[in-house]
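Work through the exercises below with the sequence and the model open. Each task is followed by its solution.

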Amino acid sequence: MTTLHLSLAAARNLHLAAQGLLTPSRRKASKADVLAAIQRMALLQIDTIHVVARSPYLVLFSRLGQYDPAWLEQLLAEGRLYEYWAHEACFVPTEDYGLLRHRMLDPAGMGWKFSVRWMETHKAEIEALLAHIAAQGPVRSADFERKVSGKGTGWWDWKPEKRHLEVLFTAGRLMVAERHNFQRVYDLAERVLPDWDDARDLPTPEVAQARMVSRSCQALGVVKAGWVADYYRLKRGKYEQALHGLADAGELIPVRLEDSRQDAYVHHSLAPLLDDAVAGRLQSTVTTLLSPFDPVVWDRKRAAELFDFDYRIECYTPAAKRKYGYFVLPLLSRGRLVGRVDAKAHRKEGVFEVKALFIEPGVRISQRLLGDIGTALQRCAAWHGTPRVQVQEAPMGLAEALSTPIITA
């Protein structure tokens, strides 16, 4: 069988097809579409920063357009999703619970997310906390917050209880039953997933890892061995053999990427599009803002190799050392990452502020690109409830062209 050769542009389009970013949605999104989008990506990373919409909501908007963010919490409360440490903290389809269950059963290797010493030192308090939840029902970490006076506002006046909840969550003894105003509500795992039975349902560690490798390949569409471990934060190692095995089983199609000596593979779900990609007929027509925690860019090495886009999340970088801004959104347009948007949604004022728009070197600002960016900004702003776009800084006079005119009576 002849190995197909893929240009980087073709590989990008196949990757975006796998991620649900090949073509804009043609119909109004439903709650079922939210679940399907997460199942397609396998993981939806959680982050609480909300200078614009919180990351999980923005990742879904990039794929679905206008939708009701409340659907995400509803799917969690309905048991269609669960939360756990995957890439980082993520919403995960409940049917994939078994893939991460081994991490819960042996949490000592989870680094800062779990402390054996903490569990041993606070064993009595932790067991009492579990007994309280069993008898009284779910709790929030806010139940343990103190007023400035030091008097408790919740049923238990212990600051360490917040950490108790986190280590119990990492150990899989508690799960997030739902969220209220994005705050976690914790309950016993056996009440959140009453039908799960480790003795009956738990795959072996080897099977679970093989499935995670397979799910990573499906979500990425196009893979090289060096890209596999990052998706579920598997132990770093050589995954060539695993990919060869999936190819032998028919799950992956071997290909050769432009300017690469490493083996590469396309997931079999994209087989109907592969010939079009090779012939240059497969084109992404999506222009949208991406979250910094979008799967397309969360692996810096992969984004650089696939998109020639060197992206670092700078919200954790001291202000003086930032190159672009606090929460900069990559700008995807028609199969390329063409720029970055330092944005902030001023909800009370109804203004979507673009503090700065950066266009990548070598990207030509055509009328089509200008129109695509303007439409993407307006759609994103409208979804935020901030319909007026205000661009403060942009190259070549784009600030005025992209800003919404102020209409006075």
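**Exercise 1. Describe the surroundings of Asp-276.**

Start with contacts, meaning heavy atoms within 4.5 Å. Outside its neighbours within four places in sequence, Asp-276 is in contact with Arg-281 and Leu-282. Next, place the residue: Asp-276 belongs to helix α14, residues 271-278. Helices here are DSSP runs of H or I with at least four residues, numbered from the N terminus. Then take accessibility, where buried is under 20% relative accessible area, exposed is over 50% and partly exposed is in between (1.4 Å probe, protein chains only). Asp-276 counts as partly exposed because its relative accessibility is 27%. Last, a distance: 9.9 Å separates the C-alpha atoms of Asp-276 and Leu-14, which are 262 residues apart along the chain.

The model is predicted: local features need pLDDT of at least 70 and side-chain atom pairs count only at pLDDT 80 or more, while totals for chains, interfaces and linings use all residues. Residues are numbered from 1 along each chain as its sequence is written, and side-chain values use heavy atoms, with hydrogens and water left out.

**Exercise 2. Find the buried residues of helix α2 and state what follows the helix.**

Helix α2 covers residues 31-41, and Asp-33, Val-34, Leu-35, Ala-37, Ile-38 and Met-41 are buried in this helix. After α2 comes Ala-42, with a positive phi near 80°.

**Exercise 3. Which helix gives the most to the lining of the largest pocket?**

Helix α5 does, with five residues. Both α5 (97-105) and α11 (205-220) supply at least two residues of this lining.
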